Amino acid sequence: MRWCGRPCRRPAVRRRSASTQLSGSDLRDPKDIKVSLCIGVKDRLQVIRQTLAINLEATKGKNVEFAILDYNSSDGFHDWVREHLRPLVDTGLVVYHHESQAPIWHMSKVKNITHRLATGDVLVNLDADNYVTGDVIDKIQAEYARNPHCLVHGWSGQWKDGTCGRVCISREDLYRLGGYDETLDTYGFEEMDLIHRAFALGLEYVRIPWQASVYYTADEHPDRAGERVQIERNKYESSRKLQNSEFVANLKTGWGAVTVTKGLDSTELLVLPTVFPEDLQTDAKLTASNIILQFMTTSANTVAAAP
């Protein structure tokens, strides 16, 4: 069976057991949930100069941080941060790290490192060209106050509009899933792979209205050779692993290892060792296999019946 690669549709998504749905005195105040907006950047200065100021203003007063990783940019991004973001770094609103050795961009690795360096309860991937609003933060906090074991997706429902990467997950569940799969090719489909592994392990998939636009859509990205081929390879590899019940990523290789500097002026290196996740127990793996098999069958039938 070839997996279609389409994301879960909310009506078809199962919820976890009722024990994870909080109620009454157990409910957490949504405003107490800290949201980390995780932004990995390599040579995107032109874009983030347009989006970051608007996003900072739109989320003013919210319980958020902007966790920014400069992944060895060569366009002056580090100098720009030092000149323009120092007050925000000093207050902790911006958590900034700089990696200066990576030869190439690797989407899963960058997301894992950025999420790992963030300090919030809920980790939100925010591509550098995406906008966010205070209303979106409120909705994310409300969902995690209701169910801390959900995956919130800010995808618009339209392909190639630059919004599919808006994935929110708790720190606990990101680690349980083994992060984004770093064994995939360097670009594409890593967010859908994470979503479907999360679904298999029982996380509730939630789509929220996220009307904030993007600076430019995926179709307007600079032409980067080979990306479509990489996406297709990653779709195939993700499908193969799901069908083999490989729901926890990076079991053999680990994930999230990096050496960075923190802040603006420090020369001291922060070395984060490799994280090695734990595999599922047999009974949990069987349950997850049944869930994802049912999803893949339903999804394939939906595609086959589509006009």
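## A guided tour, starting at lysine 235

Lysine 235 is partly exposed, with a relative accessible area of 26%. Select it as your starting point; everything you see on this tour belongs to a predicted model.

**Stop 1: a salt bridge within helix α8**

Now add glutamate 232 to the selection. Its side chain forms a salt bridge with lysine 235, and the closest N and O atoms are 3.5 Å apart. Why are these two within reach of each other along the helix? They sit 3 residues apart in helix α8, so about one helical turn separates them. Glutamate 232 is partly exposed as well, at 41% relative accessible area. While you have charged side chains on display, select Arg82, Arg86 and Asp265: salt bridges that share partners join these three into one network.

**Stop 2: a similar arrangement in helix α5**

Move to helix α5, residues 134–146, and pick aspartate 135 and lysine 139. These two form a salt bridge, with 3.0 Å between the closest N and O atoms. Aspartate 135 and lysine 139 are 4 residues apart in the helix, which means a separation of about one helical turn. Are they buried or exposed, or something in between? Aspartate 135 is partly exposed at 43% relative accessible area, and lysine 139 is partly exposed at 27%.

**Stop 3: a salt bridge across the sequence**

Side chains of opposite charge can pair when their charged atoms come close. For a pair that spans a long stretch of chain, select aspartate 121 and arginine 28. Their side chains meet in a salt bridge, 3.3 Å from N to O. Aspartate 121 lies in the loop between α4 and β4 (122–125), while arginine 28 belongs to the segment before β1 (35–41), so the bridge ties together parts 93 residues apart in sequence. Aspartate 121 is partly exposed, at 31% relative accessibility, and arginine 28 is partly exposed too, at 39%. A search of the whole structure gives 18 salt bridges, and the ones on this tour include this pair.

**Stop 4: helix α4**

Step back from aspartate 121 to helix α4, residues 107–117. How many of its 11 residues are buried? The count is 10, so to speak a mostly covered helix. Among the buried residues are Met107, Val110, Ile113 and Leu117, together with Lys111, His115 and Arg116.

**Stop 5: aromatic rings**

Next, display the aromatic side chains; the structure holds 5 aromatic pairs. One to examine is tyrosine 175 with tryptophan 255: the ring centres are 4.9 Å apart and the planes stand at 65 degrees, so this pair is edge-to-face. The two rings link distant parts of the chain, with tyrosine 175 in helix α6 (residues 171–176) and tryptophan 255 in the loop between α8 (227–243) and β8 (258–262), 80 residues apart. Tyrosine 175 is partly exposed at 30% relative accessibility, whereas tryptophan 255 is buried, with a relative accessible area of 1%. Then select Phe77, Trp80 and Tyr96, which form one aromatic cluster.

**Stop 6: the β8 and β9 hairpin**

From tryptophan 255, follow the chain onward into β8. Strand β8 runs antiparallel to strand β9 (residues 269–272), and 4 bridges join the two. Select threonine 259 and look across: its bridge partner in β9 is valine 271. The hairpin has 6 residues between its strands, and glycine 263 takes a positive phi near 85 degrees there.

**Stop 7: the cysteines**

Now colour the sulfur atoms. How many disulfides are there? The count comes to 0. Cysteine 38 shows why: its sulfur is 9.6 Å from the closest cysteine sulfur, in cysteine 168, which is too far for a bond. Cysteine 168 is in no disulfide either, and the nearest cysteine sulfur to it, that of cysteine 150, is 8.5 Å away. Cysteine 38 counts as buried, at 1% relative accessibility, and cysteine 168 is also buried, at 0%.

**Last stop: the whole chain**

Finally, zoom out. The protein chain has 9 helices and 9 strands, and buried residues make up 52% of its 307 residues. Turn on contacts with a separation of 6 or more, and 83% of them come from residues 24 or more positions apart. With the surface shown, the chain exposes about 14400 Å², of which carbon and sulfur atoms supply 51%.

Conventions: Residues are numbered from 1 along each chain as its sequence is written. This is a predicted model: local features need pLDDT of at least 70, side-chain atom pairs count only at pLDDT 80 or more; totals for chains, interfaces and linings use all residues. Side-chain values use heavy atoms; hydrogens and water are left out. Buried means under 20% relative accessible area, exposed over 50%, partly exposed in between (1.4 Å probe, protein chains only). A disulfide is a pair of cysteine sulfur atoms within 2.5 Å. Contact means heavy atoms within 4.5 Å. Accessible areas come from the Shrake-Rupley method with a 1.4 Å probe; for residues, only the protein chains shown count as cover. Rings of Phe, Tyr and Trp (its six-membered ring) pair if their centres lie within 6.5 Å; planes under 30 degrees apart count as stacked, over 60 as edge-to-face and the rest as tilted. A salt bridge is a side-chain nitrogen of Lys or Arg within 4 Å of a carboxyl oxygen of Asp or Glu. Two strands pair if DSSP finds at least two bridges between them.
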